[in-house]
Amino acid sequence: MAVSIRASAAFVANNSRGSVSINWPAGTVAGDLAVAEIDWANPSPPGPGWLTVAPNIFAKVVTAADLSAGSFQVKTSLYGMVVFAGAARAGRVTWQNGVRVSAGGAAVFFGWSDPYDNVSEMGAPAGQVGAPAKDFTNRWSSIAARAGLTAGYVQSTASPPHSLSVEIIAAATPPAPLLSAPAAGEEVGRANPITLVWSHQGQGTQEGYRVSIRQVGASVWSYLTSAGALSASLQTVAGSQQSATITAATLTAGVAYEWQVATQENGTFSAYSEARQFIPQNPPSVTSVTPSVTAGQLAGTLSWAATATAGSLVAWQVAITTASQSSPDSPMFLSPVTAGASTTTGVPVLTWTNGASYKAWVRVQQAGGLWSPWNSGTFTVSWTPPAAPTSVAGANTRPMRANVTGVPAGRDVAAQWSRDGGATWTDLGYKIAPGTTAFFDHPLAPFNVPVIFRARSLEIVNGVGLPSAWTVSAAVVSTDRGAYFVADDGPWVAVTVAQVGPVEHVQGVQVSYGMGADGARVDRSPVQGKRGSLTLDVGTREASTALTDWITTREAWTFRGHPETGDNATDRDTGTQRMSPAKSVTSELPVQALIEDRHISFDWVER
């Protein structure tokens with residue numbers, strides 16, 4: 001594309017060197033390149049976007065905001081301007097009355113005299129803008145511009161005493177943009193605004209666009225306005241946004257349309273993109289949603305009625321929310337998209353609240369890809385809780401035990417325990433339909449510390465236990481001096497500890513002595529846990545084999561040790577420790593011991 005001269009403004013002297021308003025020359029449009037001489041400019045450059053080409057010479061790509069303002073303020077003694085269309089930027093600069101240009105380019109020639117020279121020495125160059133002007137130093141200045149030049153060295157047709165020449169480089173035509181959305185042949189909802197998306201392919205920033213639309217087979221294009229309407233006249237929309245929106249319901253449902261776009265850069269528009277088709281369509285609808293969950297049940301059925309506006313229904317999706325939600329954005333349950341035209345499915349078992357109301361949401365998809373809006377129906381989940389156990393009592397046995405009585409027939413039972421009066425609870429066990437009584441051993445009960453137990457019965461409905469109220473025991477204190485290993489899944493074994501080895505608090509420690517240091521430097525990592533060793537006493541070979549098997553077949557377990565004697569000869573609890581073997585387990589029969597005295601030893605690490 002060749003550069004052309006769009007507009008110009010002759011030199012104006014401002015001998016006061018005060019602030020002036022420099023107007024954009026009439027006819028200037030966004031994307032043009034302005035080249036100006038602004039002597040003694042303050043600020044320099046004279047504003048945002050201006051680039052310094054040479055002393056007192058500046059260039060700027062004019063924006064829509066510049067034109068909206070109409071002018072800019074600067075302090076100067078002399079100013080003049082030429083505006084070029086189809087120009088990318090200023091190029092070569094010479095302190096001569098000529099400059100080399102590329103094909104299709106342009107040149108600007110600035111000239112000035114010595115003080116008190118006669119104006120006739122300035123000459124009358126081709127393309128001169130206005131008449132020479134004299135500044136407060138009694139120097140004459142002139143400006144001339146020539147465009148549409150062939151490649152080569154171009155001289156001014158005048159030879160003023162002093163010259164500066166600037167090459168103006170033509171803007172390259174940007175490649176045609178690439179279309180992103182809608183996809184080729186895609187069905188799009190016409191009830192909402194339709195968004196068209198593309199990707200500008202130029203080297204710089206998109207300055208504007210032109211979108212054209214027509215029905216497939218039509219000979220005449222319509223043009224999209226910035227407001228989303230269609231116009232019979234060409235519409236140029238300024239801006240860097242690479243999308244445009246068609247107002248809802250503008251296009252006819254079920255009719256194929258095609259669209260294309262051209263984008264602008266450096267004042268030059270690309271060719272139009274390839275045309276792409278899409279089909280505006282009204283979406284399907286879900287006209288009714290009927291969920292049903294029978295009282296006393298946790299699962300149910302869901303049915304709905306739906307209608308396609310074009311073709312057939314091809315998929316559906318279901319969501320469940322609380323009744324207070326106005327949309328399924330944060331559902332308790334969201335099914336996968338399921339292919340088919342089904343109108344029924346099941347309501348799954350979820351974490352319901354007894355007596356609470358919920359919403360079942362449904363949306364459907366029709367051939368072509370459009371989804372319906374979500375529609376919902378309300379339902380309630382309720383049940384009658386089973387009766388609670390009659391009583392729960394803790395027994396100070398070895399180990400401590402919680403006895404549960406009065407369990408309703410055919411009901412499961414769960415138990416928990418607490419050492420802080422019921423502020424916090426820990427699961428103790430679960431038994432499936434144990435009859436009317438059940439017991440739960442508690443080998444980890446702390447020594448000489450009051451604990452309480454609680455239990456409840458559960459009715460299994462749809463694979464889920466519906467719980468009764470809790471029945472709570474009185475406090476009981478364990479005086480059991482035994483030691484135990486308790487596996488994570490519940491099994492336990494009583495042990496006798498012969499020796500507890502030193503316990504190491506595992507921590508990386510590095511000691512170093514620097515050259516000339518007066519002491520050691522110690523670096524330590526955070527404590528990573530504990531490790532130690534245990535020696536257990538067993539009486540028989542069979543007992544040794546059984547305990548060794550128990551230890552070596554479990555990855556981890558919790559150890560409750562024997563109580564220890566504290567101040568005033570009062571025994572106290574030693575707490576619990578979760579551990580795993582850190583080395584192979586060893587067993588031995590000391591030669592000086594009786595045959596019944598055998599030892600099992602192993603190193604452990606905290607888990």
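**Group meeting talk: strands, a cavity and a pocket**

Okay, let me start in the middle of things: strands S10 and S12 run antiparallel to each other, joined over seven bridges. When I say two strands pair, I mean DSSP finds at least two bridges between them; strands are DSSP E runs of at least two residues, helices are H or I runs of at least four, and both are numbered from the N terminus. Opposite phenylalanine 109 you'll find alanine 144 in S12.

Quick housekeeping. This is a predicted model, where local features need pLDDT of at least 70 and side-chain atom pairs count only at pLDDT 80 or more, while totals for chains, interfaces and linings use all residues. Residues are numbered from 1 along each chain as its sequence is written, and side-chain values use heavy atoms, with hydrogens and water left out.

Back to that sheet. S10 and S12 sit in an open sheet of five strands, ordered S8-S14-S10-S12-S11, with antiparallel pairing. At its edges are S8 (87-94) and S11 (133-134), each pairing on one side only.

Now, empty space. How many cavities of 30 Å³ or more does the structure hold? Just one cavity of 30 Å³ or more turns up, and the largest cavity contains about 70 Å³ of space. On method: we use a 1 Å grid over the protein atoms alone, and a cavity is a set of points where a 1.4 Å probe fits but cannot get out, whereas a pocket is an open set with protein on both sides within 12 Å along at least five of seven lines; lining residues have an atom within 4 Å of a point. Grid points are joined across faces, edges and corners, and the volume is the space filled by probe spheres set on the points.

Lining the largest cavity are 15 residues, with Phe109, Phe110, Gly111, Ser156 and Pro160 nearest its centre. Strands S10 (106-112), S12 (140-147) and S14 (162-170) are the elements giving two or more residues to that lining. By type, the lining has eight nonpolar residues, seven polar and no charged. Our classes: Ala, Val, Leu, Ile, Met, Phe, Trp, Tyr, Cys and Pro are nonpolar, Asp, Glu, Lys and Arg are charged, and the others, Gly among them, are polar.

Next, the largest pocket, at about 450 Å³. Its lining takes in 21 residues, and Leu428, Asp441, Val486, Ala487 and Gly490 lie nearest the centre. Elements giving two or more residues here are S37 (426-431), S38 (437-442) and S43 (483-487), and the largest share, six residues, comes from S37. This lining splits into eleven nonpolar, five polar and five charged.

Which residues of S38 are buried? Ala438, Phe440 and His442 point to one face and are buried, whereas Thr437, Phe439 and Asp441 point to the other and are not. Buried here is under 20% relative accessible area, exposed is over 50%, and partly exposed is in between (1.4 Å probe, protein chains only). S38 also pairs antiparallel with S35 (residues 400-405) over six bridges, and alanine 402 stands opposite phenylalanine 440.

Zooming out, the protein chain has two helices and 55 strands. Its radius of gyration is 45 Å, well over the 25 Å that the globule rule gives for 607 residues, so the chain is more spread out than a compact globule. That radius is taken over C-alpha atoms, and the rule is 2.2 Å times the number of residues to the power 0.38. Along the principal axes, the C-alpha atoms fill a box of roughly 130 × 85 × 40 Å.
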